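Please look through the sequence and the structure shown here before reading on. The report that follows takes up a few of their features in turn.

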Amino acid sequence: MASSQRSWSLSSLPLDLIEEIFHRTPAESLLRSKPTCKKWRHLIDNKRFIYEHLRRFPEQRRFLRIDETVQIMDPVRRTRSETPIPYELQPVDNITAMVHCDGLMLCMCSDMASRFVTLSLWNPLTRHIALIQPSTRFTTSDHYGIGYGINKYRDGYKILRFSDRRYFEIYYCGTSSWRTLDDAEVDWSVDFRCQGVSVMGNMYWLAHRFFHEEEEEDEEEEEVESFILGFDFTAETFMEVWFCPPYNYDDENNYLSCFDGDRLSLLLQDKEVPSVIEVWVSSKLPDDVSFTKYFRVVSPGLPWLRIDRSETASHPVYYIAKSKRIVAWCENVVVLEGGRLPVCTILYEIDEGGVVAQHETERHEDNDYIGTFLCGYVYVPSLIPLP
């Protein structure tokens, strides 16, 4: 009865006041409230409201992992929900990468035995998913990105597909059509371990190129140049961020992500010396990008954010908070009495002094546990419908 009275009092408020209240309400709660009132449903389904709500909630991040179920963690409240894995993404072993943009996940799945590859667009909140039809068959060597032009309301979302030095094409979600980029010429390679990150409508990856320097007596030595590669979805061209932190392209523990909604962060952790983590952040994107060192952590108790196990590597789920903290949800091996080595999923908070908090959320005792491999991601829940 009390719940009914609260609902009635809210419904009796002016619509503009209800809209302001809804702008401050988490997307998960708005989704649950849609069936309660036709007026509310009409407001929540309005495209203008949806994008304004997303604009006001850019920092309401969630951690998403896929194991036997889809697991979504609120890192602030430390609450977790589970839902079945969509049929289109099964079996989970086939998921190779995902890229997030505005609450939509671009999912790449491949069957390594048949080399059959599928591409899907998925909203984990609404649980809607749609397959993207290729112009030609997708391959395991493809790289993908998602973004939008200056006016995403009018032009819609775009998907980039490319393979180093081979072909480049864009998929327009609004018209379900592909266009080949004939003028793309490159001399670089994308780090295959970097899934890429979408920030303010453009994509960014870790990349490198090789070149030869002449030594004495006409000897040549192969050098490598590492940088951040971007793709501008408005101009539909690649761009390079030249001034970026020095990192070893051959190291597995380099992680590129979004910071503060309009910048990049680069986290470096040497796989040989896990006790040191460096975090760099960029200036605001996309023009005149430069990086500065945000903070450095030196502590013997730091966890490996990526652990190697049976030729697989669990991809960490993390973000960099404004208060110079790393919030990570990742796997680690815990040594117990009798030599047992269970794999635990742990939520960490790390600041400049080291680990300040850790909370175990899951434990696997099975020796054949595979782990999440590349199935951990950060996303912002939104009500944006599939284009």
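## A salt bridge between neighbours

The side chains of R263 and D262 meet in a salt bridge, with 3.9 Å from N to O, in what is a predicted model. D262 has a relative accessibility of 17% and therefore counts as buried, given that the term applies under 20% relative accessible area.

## The four-stranded sheet

Strand β18 covers residues 263-269, and six bridges join this strand to β17, the two running antiparallel. One residue pair can be named here: C258 has L264 in β18 as its bridge partner.

Both strands belong to an open sheet of four strands, in which the order is β17-β18-β19-β20 and the pairing is antiparallel. At the edges lie β17, with residues 254-259, and β20, with residues 291-298, each of which pairs on one side only. On average, and with direction ignored, neighbouring strands of this sheet are turned by 20° against each other.

## Salt bridges that reach strand β9

The count of salt bridges comes to 26. One of them is formed by D142 and R161, whose closest N and O atoms are 2.9 Å apart. Since D142 lies in the loop between β7 (128-131) and β8 (143-148), while R161 lies in strand β9 (residues 157-163), the pair ties together parts that are 19 residues apart in sequence. D142 is buried, with a relative accessible area of 9%, and R161 is buried as well, with a relative accessible area of 1%.

A salt bridge also joins the side chains of E236 and K158, at 3.1 Å from N to O. Here E236 lies in the loop between β15 (220-232) and β16 (237-241) and K158 in strand β9, so this pair ties together parts that are 78 residues apart in sequence. Both E236 and K158 are buried.

## Helix α2 and a salt-bridge network

Which residues of helix α2 are buried? In this helix, which spans residues 15-23, they are I18, E19, F22 and H23. Seen down the axis of α2, these buried residues fall within an arc of 140°, and so they line one face of the helix. As a general matter, an α-helix has 3.6 residues a turn, so residues three or four places apart point the same way.

Salt bridges can also link several residues into a network, as they do for E20, R24, E52, R55 and R56.

Technical notes:
Residues are numbered from 1 along each chain as its sequence is written. This is a predicted model: local features need pLDDT of at least 70, side-chain atom pairs count only at pLDDT 80 or more; totals for chains, interfaces and linings use all residues. Side-chain values use heavy atoms; hydrogens and water are left out. Two strands pair if DSSP finds at least two bridges between them. Axes are lines fitted to C-alpha atoms, for helices over the stretch in contact, and angles run from 0 to 180 degrees between N-to-C directions. Buried means under 20% relative accessible area, exposed over 50%, partly exposed in between (1.4 Å probe, protein chains only). The arc is that of the directions from the helix axis to the C-beta atoms. A salt bridge is a side-chain nitrogen of Lys or Arg within 4 Å of a carboxyl oxygen of Asp or Glu.
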